[in-house]
Amino acid sequence: NAESWGLIDCFVVLVAMDHDMMEEEDGPERLEDGIVFESTNLDAELGDQMEDEQPEDGGYLKPSFPAMSAENLAGRSQFRRVPVPAHRYTPLRDCWMQIMTPIVEHMKLQIRMNTRRRAVELKTSPLTEDIGALQKATDFVRAFCLGFDLQDAVALLRLDDLYIDTFEVKDVKSLSGDHLSRCIGRIAGQGGKTKFAIENATRTRVVLAESRIHILGSFNNIKVARDAICSLILGSPPGKVYSHLRTVAKRIQERI
């Protein structure tokens with residue numbers, strides 16, 4: 001009858017629509033501007049790639065990433081400025097080449113002397129490899145400006161466990177006038193004898209800048225040298241300090 005023929009026509013139309021939709025899903029999708037989108041099986045491609053990269057012994061390959069420079073690690077170039085005292089301006093100018101060479105060639109940093117600000121300026125470069133190179137170079141220049149010899153200050157660039165400790169005589173005992181002068185004389189000794197004895201026994205370097213005392217060395221050695229200097233400031237006789245330093249020197253030798 002007519003109703004059955006109408007149902008058959010509707011069924012044929014639906015089957016035709018499903019067939020057209022399946023063809024569209026199986027084939028590439030084309031847009032009006034000519035761009036073609038093709039479906040792909042991502043899991044199958046990744047699995048084939050991993051099988052190709054897998055070593056023969058059945059293990060797994062370690063990821064290989066290129067080394068990053070210090071500038072990339074920090075995110076931007078870093079900058080330091082070290083002020084130069086007036087009494088160290090001439091020595092800095094005379095030893096400028098010896099100071100600049102290890103910083104530029106070994107630390108891969110940029111350095112310049114700002115005459116207007118009377119300061120040494122340091123900056124990282126794309127060639128800088130160590131992220132701590134800038135801090136080491138800053139400590140090196142600062143140590144030279146504090147009065148340490150150039151050969152002693154260069155050790156800050158080569159070793160990692162060296163520090164600079166600074167304190168004043170007034171931090172230990174309140175002295176002024178002639179009492180302060182005699183205290184500084186006790187620390188230095190006749191011809192620098194006491195200061196050299198402290199340096200040799202504790203493997204440190206000591207700089208006396210008026211009432212300020214700068215010590216360069218490792219953490220434990222700085223503590224021993226500071227205790228000896230504090231004993232001299234408090235009034236201990238140099239002979240007693242010498243005997244204590246001998247004991248400490250023997251202990252350090254046995255530890256080494």
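This is a short walk through one predicted protein model, from the whole chain down to a few single residues.

Okay, hi everyone. Keep in mind as I go that what's on the screen is a predicted model.

Let's start with the whole chain. It contains 13 helices and eight strands. Of its 256 residues, 29% are buried. And if you take the contacts with a separation of 6 or more, 57% of them are between residues 24 or more positions apart.

Now, the part I'd like you to look at is a three-stranded sheet. In what order do its strands sit? The order is β3-β5-β4, the sheet is open, and the pairing is antiparallel. So that you can find the edges: those are β3, residues 79-83, and β4, residues 109-114, and each of them pairs on one side only. On average, neighbouring strands here are turned by 20° against each other, ignoring direction. A quick reminder for anyone new to this: the strands of a sheet pair through backbone hydrogen bonds, and that can be parallel or antiparallel.

Let's zoom in on one of those pairs. β5 covers residues 119-124, and it pairs with β4 in the antiparallel sense over six bridges. If you want a spot to click on, try R112, which stands opposite E121 in β5.

Next, the helices that go with this sheet. Helix α5, residues 96-105, lies across β4 and β5, and it runs at about 155° to β4. Helix α6, residues 133-146, lies across β3, β4 and β5, and that one runs at about 5° to β3.

How do α5 and α6 sit relative to each other, then? Their axes come within 11 Å and cross at roughly 170°. An angle over 145 counts as roughly antiparallel, so that is what we call α5 and α6. Which residues make the contact? From α5 we have I99, P102 and I103, and from α6 we have A137, F140, V141 and F144. Sort the residues of that contact by type and you get seven nonpolar, no polar and no charged.

While we're in this region, look at the loops on either side of β4. In the loop between α5 and β4 you'll find K108. K108 isn't a glycine, yet its phi is positive, about 60°. Move along to the loop between β4 and β5, and there's R118. R118 is another residue other than glycine with a positive phi, near 55°. I point these out because most residues other than glycine have a negative phi. Are they buried or exposed? K108 is partly exposed, with a relative accessible area of 30%, and R118 is partly exposed too, at 40%.

Okay, let's move further along the chain, to β8, residues 212-217. This strand is mostly covered, with five of its six residues buried. Which strands pair with β8? One is β6, residues 163-168, which runs antiparallel to β8 and is joined to it by six bridges. Within that pairing, D165 has I215 in β8 as its bridge partner. Another is β7, residues 205-209, also antiparallel to β8, this time with five bridges. There, the bridge partner of L208 is I213 in β8. β7 and β8 form a hairpin with two residues between the strands, and E210 in that hairpin takes a positive phi near 60°.

Carry on past β8 and you come to helix α12, residues 219-233, which is where N221 is. N221 has a relative accessible area of 15%, and the cut-off for buried is under 20%, so N221 counts as buried. What does N221 touch? Leaving out residues up to four places away in sequence, the answer is T202, R203, T204 and I252.

Last stop, the cysteines. How many disulfides are there? The count comes to zero. Take C230: the nearest cysteine sulfur belongs to C183 and is 9.7 Å away, so with a cut-off of 2.5 Å C230 is in no disulfide. C230 is buried all the same, at 18% relative accessibility. C145 is buried as well, with a relative accessibility of 5%.

That's my tour. Thanks for listening!

Notes
Residues numbered from 1 in each chain as written. Predicted model: local features only at pLDDT ≥ 70, side-chain atom pairs only at ≥ 80, totals over all residues. Heavy atoms only, no water. Pairing = 2+ DSSP bridges. Helix = DSSP H or I, 4+ residues; strand = E, 2+ residues; numbered from the N terminus. Axes fitted to C-alpha atoms, helices over the stretch in contact; angles between N-to-C directions. Contact = heavy atoms within 4.5 Å. Parallel < 35°, antiparallel > 145°, perpendicular 65-115°, else oblique. Nonpolar A, V, L, I, M, F, W, Y, C, P; charged D, E, K, R; others polar. Buried < 20%, exposed > 50% of the residue type's maximum accessible area, 1.4 Å probe, protein only.
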